[in-house]
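Grab a pencil and work through a few short exercises on this chain. Each one comes with a solution you can follow step by step.

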Amino acid sequence: MISERAGSWMTAKRLRAHGLILAFCLWSVYLWNMAAPGLFDRAGNLKGTDFLHFHTLGSLALAHRGADLYSLQAQSALAAQRIPAAAGIRYLPLYPPQVSIFFAPFARLSYPSALVLWLTLSALIYGLCCFAVWRACPNLRNHKSTALILALAFPAFWHIIAWGQTSALALACFTLAFLALRSERELLAGVALGCLIFKPQLGLAAAIVFLVTLRWKVIAGATVSALGELIVAWLYYGFAPLREWVRVLLHVPRLLPLLEPKPYQTHCLRTFCTMLVPWPSASFALYIISAIVVSGLTVACWRSRLPLSLRYSALLLSTVLLAPHLTVYDLVILAPAFLLLSDWLVGQPDQSATLYLKLLLYLAFAFPLLGPLARWTHFQLTVPVMAALLYGICKIAGKSLILGGTVPSAVR
């Protein structure tokens, strides 16, 4: 994505200019919106939006009210009691019980103070993750300012701050897993991925890849950490909330209209098929077929001799595509993929294939901004672009097989 070569119009200078314009527009709008007095922004939404749900869950944890963790009515009443301005705002309770324990310290603070603390922590996690991955990208060392500007301009980062969501924690899990795999510590990588049990839909692709490729250390680590989180919840609340969480998950298909009131803000294969094909049975069949194809491509990448940077980028892309539910803020987990793919592309000659991947990477970065257009077009542009990127990585893997099972030096 970052290139100084004359053969590409995507020079580092042009990308810095685009990034500066985008970052200025996004953060100017955010600051102007949040500058409204009181708890509501200029659009009439509660500041932090989704963070109200986490603040309420933390309040339930402080009171050991495990029985109310999956009661929409009880949580709505508690939110209105603690924050009168939030009366009438409701959130579908789907997070596992341990999430409420994590947010208990935040619930000790007033909502505005807790929100500022959480947004600061989210930004810090995002920055540290990007820095850690950037340090693992030798070809980007001379593009520090470009990487920084594009990190600030990343639309998904803007969304996690605007929504007050937990996706920075998921990014941290994926970043730690990459660093562990890079150090050949598969058990530790599994521990990091198992922590995604708080957003289980983001672990689907990793589960498929590592089970099919028989990476038992990764699977063992993931199992231990996921069970560890659930055991913490069991020790704190007892077994009843865990049982209720599983029951709620089993009924998620019926709850999708409440979970996705604005499907154009989602970016995954399932909702792509649902918006594109109006018949439920046909759209579900299309999702299953496309998910099988994506899974096969990703497994093929992991069975190849591609460098970890490309294989892990493929895993992150398939994570987004395969997730049964993925809202725009969850796209922040792609930050390592943008850095890793950019690092690989900078080291390649400007051939038609690499220019094609650069263009796709550029579009994947920018297209979340056009997501709301799907409200009228019923066509989410990000999904086919990410699928094309995954296919492009697989083509590189195919070339390595043609060359006798070895990776060309340019790919290492």
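**Exercise 1. Sort Leu227 and Val299 into buried, partly exposed or exposed.**

Start with Leu227: its relative accessibility is 48%, so it counts as partly exposed. Next, place it: Leu227 sits in helix α12, residues 216–237. It also belongs to a nonpolar surface patch with Ile231, Trp234, Leu235 and Phe239, and together they have about 550 Å² of accessible area.

Now Val299, in helix α16 (residues 280–303). At 8% relative accessibility, which is under the 20% cut-off, Val299 is buried. Setting aside neighbours within four places in sequence, Val299 touches Ile208, Val209, Val212 and Thr213.

**Exercise 2. Work out how far apart the ends of α9 should be, and check that against the model.**

This is a predicted model, and α9 is a good place to begin, with the highest confidence in the chain at a mean of 98. Step one: the helix has 16 residues (167–182), and at 1.5 Å a residue it should span 22 Å. Step two: its end C-alpha atoms are 23 Å apart, which agrees. While you're there, note that 13 of the 16 residues of α9 are buried. Just past the helix, Glu184 has a positive phi of about 60 degrees.

**Exercise 3. For three salt bridges, find which parts of the chain each one links.**

The general idea is that side chains of opposite charge can pair when their charged atoms come close. The count for this model is five salt bridges; here are some of them.

- Arg215 and Glu186: the closest N and O atoms are 2.6 Å apart. Arg215 is in the loop between α11 and α12 and Glu186 is in helix α10, so the pair ties together parts 29 residues apart in sequence.
- Asp330 and Lys199: here the closest N and O atoms are 3.3 Å apart. Asp330 lies in the loop between α17 and α18, Lys199 in the loop between α10 and α11, and 131 residues separate them. Asp330 is buried at 1% relative accessible area, and Lys199 is buried too, at 3%.
- Arg247 and Glu244: N to O is 2.6 Å. They are three residues apart in helix α13, so about one helical turn separates them. Arg247 is partly exposed at 39%, as is Glu244 at 28%.

**Exercise 4. Decide where to be careful with the model's confidence.**

The mean pLDDT of the chain is 91, and 94% of residues reach 70 or more. Then look at residues 1–7, where pLDDT is below 50. Residues 402–412 are also below 50.

How values were computed
Residues numbered from 1 in each chain as written. Predicted model: local features only at pLDDT ≥ 70, side-chain atom pairs only at ≥ 80, totals over all residues. Heavy atoms only, no water. Helix = DSSP H or I, 4+ residues; strand = E, 2+ residues; numbered from the N terminus. Expected span 1.5 Å × (residues − 1). Buried < 20%, exposed > 50% of the residue type's maximum accessible area, 1.4 Å probe, protein only. Patch = residues over 30% accessible without salt bridge, like charges linked within 9 Å, V, L, I, M, F, W, Y side chains within 5 Å. Areas by Shrake-Rupley, 256 points an atom, 1.4 Å probe, with all protein chains shown as cover. Salt bridge = Lys/Arg side-chain N within 4 Å of Asp/Glu carboxyl O. pLDDT = per-residue confidence, 0-100. Contact = heavy atoms within 4.5 Å.
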